[in-house]
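User: Could you walk me through this structure with a few questions and answers? I would like to see the reasoning behind each reply.

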Amino acid sequence: MPMAYRIDQEAGLVRLRCWGILTNKEMLDCVQRMHCDPARRAGTPSLVDCRDIQEMRVTPTGIQAAAGLEQGRGDVHRVGRLEVGDPG
């Protein structure tokens, strides 16, 4: 599974990490598990680390499906900062 999450109670956020080849199914499976985790409170912001992605196979349809999962649970998130590429 090239996507995993960890609930960081101290920081008040969910840390998601992606690596390898990421597909819609794998992303949606992880997002679904995260939303069903009783340790996660609704509205908890997420920080996604995609630095170790080799190939991104997530499509716009997959992104819309993930957003639908969040909206269906009453979660509304705003992106504070999105960086793509090599930070170096």
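User: Is Asp52 buried, partly exposed or exposed?
Analyst: Happy to start there, with the note that this is a predicted model. The relative accessibility of Asp52 is 42%. Buried would need under 20% and exposed over 50%, so this value makes Asp52 partly exposed.

User: Which residue forms a salt bridge with Asp52?
Analyst: The closest N and O atoms of the pair are 3.5 Å apart, and the cut-off for a salt bridge is 4 Å. The partner has a relative accessibility of 39%, so that residue counts as partly exposed too. The residue that pairs with Asp52 is Arg17.

User: How many residues apart in sequence are the parts that this pair of Asp52 and Arg17 ties together?
Analyst: Asp52 belongs to strand β3, which covers residues 46-57. Arg17 sits in strand β2, so the salt bridge ties together parts of the chain whose separation in sequence is 35 residues.

User: In which sense do β2 and β3 run, and how many bridges join them?
Analyst: The pairing can be followed through one residue of β2: Leu16 has Val48 as its bridge partner in β3. Taken as a whole, β2 and β3 run parallel, and the number of bridges joining them is nine.

User: Which residue stands opposite Leu16 on the β1 side?
Analyst: β1 and β2 pair in the antiparallel sense, over six bridges. Along this pairing, Arg6 has Arg15 as its bridge partner in β2. The residue that stands opposite Leu16 is Tyr5.

User: Which residue in the hairpin of β1 and β2 takes a positive phi?
Analyst: The hairpin has four residues between its strands. β1 covers residues 3-8 and β2 covers residues 13-23. The positive phi is near 70°, and the residue that takes it is Gly12.

User: What is the order of the elements from the N terminus on?
Analyst: The protein chain has two helices and three strands. Among contacts between residues at least 6 apart in sequence, 72% join residues at least 24 apart. From the N terminus on, the order is β-β-α-β-α.

User: Which elements give two or more residues to the largest nonpolar core?
Analyst: This core has 13 residues, and those with the most contacts inside it are Met3, Val14, Leu16, Leu22 and Met27. Both strands and helices contribute two or more residues to the core: β1 (3-8), β2 (13-23), α1 (24-36) and α2 (60-72).

User: Which residues does Leu22 touch, not counting those up to four places away in sequence?
Analyst: Leu22 is one of the core residues with the most contacts inside the core, and so is Met27. These two also touch one another. The full set for Leu22 is Pro2, Met3, Met27, Ile53, Glu55, Met56, Arg57 and Val58.

User: How far apart are the closest N and O atoms of Glu55 and Arg57?
Analyst: Both residues are touched by Leu22. Glu55 has a relative accessibility of 36% and counts as partly exposed, and Arg57, at 43%, also counts as partly exposed. They form a salt bridge, and the closest N and O atoms are apart by 2.9 Å.

User: Where do Lys25 and Asp29 lie?
Analyst: These two form a salt bridge with the closest N and O atoms 2.8 Å apart. Lys25 is exposed at 58% relative accessibility, whereas Asp29 is partly exposed at 28%. They are four residues apart, about one turn of the helix, and both lie in α1.

User: What is the C-alpha to C-alpha distance between Ile63 and Leu28?
Analyst: Ile63 lies in helix α2 and, at 49% relative accessibility, counts as partly exposed. Leaving aside neighbours within four places in sequence, Ile63 is in contact with Met27 and Val58. Ile63 and Leu28 are 35 residues apart in sequence, and their C-alpha to C-alpha distance is 8.6 Å.

User: Which element has the highest confidence, and what is its mean?
Analyst: The protein chain has a mean pLDDT of 85, with 81% of its residues at 70 or more. Confidence is lowest in α2, at a mean of 84. The highest confidence is in β1, with a mean of 96.

Conventions
Residues numbered from 1 in each chain as written. Predicted model: local features only at pLDDT ≥ 70, side-chain atom pairs only at ≥ 80, totals over all residues. Heavy atoms only, no water. Contact = heavy atoms within 4.5 Å. Core = buried A, V, L, I, M, F, W, Y, C linked by side-chain atoms within 4.5 Å. Buried < 20%, exposed > 50% of the residue type's maximum accessible area, 1.4 Å probe, protein only. Salt bridge = Lys/Arg side-chain N within 4 Å of Asp/Glu carboxyl O. Pairing = 2+ DSSP bridges. pLDDT = per-residue confidence, 0-100.
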